[in-house]
Amino acid sequence: MRILLAEDEVVLCDQIKKVLMAEGRIVDVVHDGQEACFLGATESYDMIILDLGLPVRDGISVLREWRSTGVATPVLILTARDGWSDRVDGLDAGADDYLTKPFHLPELAARVRAALRRSSGRSNPLFQHGDVVFDTRHGRATLDGVPVDLTSQEVAVLSYLIHNTGRLISRTELSEHIYAYDGDRDSNTIAVFINRLRKKLGPDLIQTVRGRGYMIDAA
Ligand code: CA
């Protein structure tokens, strides 16, 4: 799952990025509102974390522009402690959730997990398909109850397919959600990740639709 993080406090940014990456998320970071607006409108994100107090262009106007141009990505806004009116404006502008600074990083991570669960239409953080169980909270999988070691790319691929259970996902779409903006995107390596996941988790979990992409059937 790929996340855009728009925050101008560099230290806080690094902390947030670290926490999210530890859960297998791909994180693109921007430090001003203009860049945030551009990337949020042109790249494929599963979630956006938007500080409202950004330089160059403020977060509320960025959020309004996204919503008015059809960007429907879930947005979590970050606001100042005394900014209750910012929170109201942010929610009215189309934010899905908010966090007041200062916050605890585990709370931010939990809100991201909850938002991603909501957008996938699932309430249970545990995904089960036959003998495979995947914990979407930590990106950990078991097969027949035995933990399976997955690389961060394998977690990224599996998370996105599980998030979209029952929907056919093309290689292009998959590559847009598992690589960062500055990452080396190669849709050919997707087949390699899929093969490895099949070897580790069994051949039945991920279906290949020849020439079109991959999907996980609703169990
Ligand atoms: Ca700020």
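**View 1. The second largest cavity of the predicted model encloses about 30 Å³ of space.** Its lining consists of M47, V75, L76, D96, D97, R111, A115 and R118. Two elements, β4 (75-79) and α5, each give two or more residues to this lining.

**View 2. Helix α5 at the second largest cavity.** The largest share of the lining of the second largest cavity comes from α5, which supplies three residues. Sorted by class, the lining of this cavity holds four nonpolar and four charged residues, with no polar ones.

**View 3. The largest cavity contains about 140 Å³ of space.** A search of the whole structure yields two cavities of 30 Å³ or more. The largest cavity is lined by M1, R25, R113, L116, R117, R122, F134, T136, R137, S159, I162 and H163. The elements contributing two or more residues to this lining are α5 (105-120) and α6 (152-163).

**View 4. Residue classes around the largest cavity.** Five charged, four nonpolar and three polar residues make up the lining of the largest cavity. Among the residues of this lining are R25, R113, R117, R122 and R137. F134 and I162 also belong to the lining, as do T136 and S159.

**View 5. Two domains at the largest cavity.** Domain 1 (2-120) and domain 2 (126-215) each provide at least three residues to the lining of the largest cavity. R113, L116 and R117 are among the lining residues, and so are S159, I162 and H163.

Key. Residues numbered from 1 in each chain as written. Predicted model: local features only at pLDDT ≥ 70, side-chain atom pairs only at ≥ 80, totals over all residues. Heavy atoms only, no water. 1 Å grid on protein atoms, 1.4 Å probe; cavity = no way out; pocket = protein on both sides within 12 Å on 5 of 7 lines; lining within 4 Å. Points joined across faces, edges and corners; volume = space filled by probe spheres on them. Helix = DSSP H or I, 4+ residues; strand = E, 2+ residues; numbered from the N terminus. Nonpolar A, V, L, I, M, F, W, Y, C, P; charged D, E, K, R; others polar. Domains from an automatic or database assignment.
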